[in-house]
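Colleague: I have a model open and would like to learn how to read its features one by one. Could you take me through it?

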Amino acid sequence: MECRVGCGACCIALSISSPIPGMPSGKPAGVRCVQLTADNRCQLFGLPTRPPVCNRLRPMPEMCRDSADEALTWLTWLEQVTAPTDALTLFEA
């Protein structure tokens with residue numbers, strides 16, 4: 001499967017802990033990557049400066065869904081439910 005041109009959902013919804021050019025500390029979930037253009041294309045795609053984590057991410061129907069909006073919704077939910085949790089908050093519920 002190929003990336004949907006102009007989607008950018010993974011470059012917005014997902015957190016990235018490794019450095020990105022222009023974002024040396026990575027990026028938090030829900031924050032638009034500085035390398036994402038106004039039309040949601042990666043400025044680093046195909047370049048050696050693109051972070052390895054981005055190169056390893058492969059589009060899949062489950063992740064990309066049927067539209068960019070659906071992908072953003074799904075990936076935002078997935079990021080939230082898989083985010084590290086403070087162990088003490090588990091016992092407060």
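Colleague: Let me start with charges and rings: which residue lies over the face of Trp-74?

Modeller: Keep in mind that this is a predicted model. The idea is to look for a Lys or Arg charge that sits above a ring, within 6 Å of the ring centre. Here Arg-65 is over the face of Trp-74, and the distance to the ring centre is 3.9 Å.

Colleague: And how many aromatic pairs are there?

Modeller: For ring against ring, you compare centres, which must lie within 6.5 Å. The count comes to one aromatic pair.

Colleague: Now salt bridges. How many does a search of the whole structure find?

Modeller: You check whether a side-chain nitrogen of Lys or Arg comes within 4 Å of a carboxyl oxygen of Asp or Glu. The search finds one salt bridge. The partners are Arg-41 and Asp-39, whose closest N and O atoms are 3.4 Å apart.

Colleague: Why does Arg-41 count as partly exposed?

Modeller: Partly exposed covers the range between under 20% and over 50% relative accessible area. Arg-41 counts as partly exposed because its relative accessibility is 45%. Asp-39 also has 45%, so Asp-39 counts as partly exposed.

Colleague: What about Lys-27: is that residue buried or exposed?

Modeller: Lys-27 is buried, yet has no salt bridge. The nearest side chain of opposite charge is Glu-79, 7.5 Å away. Lys-27 belongs to the loop between helix H1 (10-13) and helix H2 (52-56).

Colleague: Which backbone atoms does the side chain of Lys-27 reach?

Modeller: With a charged side chain like this, it helps to look for polar atoms around it. One polar atom of the Lys-27 side chain lies 3.0 Å from the backbone oxygen of Ile-12. The side chain also reaches the backbone oxygen of Val-31, at 2.6 Å. Setting aside residues up to four places away in sequence, Lys-27 touches several others, among them Cys-11, Leu-14, Ile-16 and Cys-33.

Colleague: And where is Glu-79?

Modeller: Glu-79 is in helix H4. Glu-79 is likewise buried and without a salt bridge, with Lys-27 as its nearest side chain of opposite charge. Its contacts, neighbours within four places in sequence left aside, are Ala-13, Leu-14, Ser-15 and Ala-29.

Colleague: Let me try the loops. Where is Ser-67 found?

Modeller: Ser-67 sits in the loop between helix H3 (61-64) and helix H4 (68-82). A polar atom of the Ser-67 side chain is 3.1 Å from the backbone nitrogen of Glu-70. With 25% relative accessibility, Ser-67 counts as partly exposed. To see how the chain folds back, compare sequence separation with distance in space: Ser-67 and Arg-4 are 63 residues apart along the chain, with 8.3 Å between their C-alpha atoms.

Colleague: What does Arg-58 show in the loop between H2 and H3?

Modeller: Arg-58 counts as exposed because its relative accessibility is 57%. Its side chain has a polar atom 2.9 Å from the backbone oxygen of Asn-55. The C-alpha atoms of Arg-58 and Met-1 are 8.1 Å apart, although 57 residues separate the two along the chain.

Colleague: Finally, the whole chain: how many helices and strands are there?

Modeller: The protein chain has five helices and zero strands. Its C-alpha atoms fill a box of roughly 45 × 30 × 20 Å along the principal axes. Of its 93 residues, 25% are buried. Among contacts between residues at least 6 apart in sequence, 43% join residues at least 24 apart.

Definitions and conventions: Residues numbered from 1 in each chain as written. Predicted model: local features only at pLDDT ≥ 70, side-chain atom pairs only at ≥ 80, totals over all residues. Heavy atoms only, no water. Helix = DSSP H or I, 4+ residues; strand = E, 2+ residues; numbered from the N terminus. Buried < 20%, exposed > 50% of the residue type's maximum accessible area, 1.4 Å probe, protein only. Polar contact = N/O pair within 3.5 Å; in protein donor to acceptor, adjacent residues only side chain to side chain. Lys, Arg positive; Asp, Glu negative; His and termini not counted. Contact = heavy atoms within 4.5 Å. Phe/Tyr/Trp six-rings, centres within 6.5 Å; stacked < 30°, edge-to-face > 60°. Lys NZ or Arg CZ within 6 Å of the ring centre and 35° of its normal.
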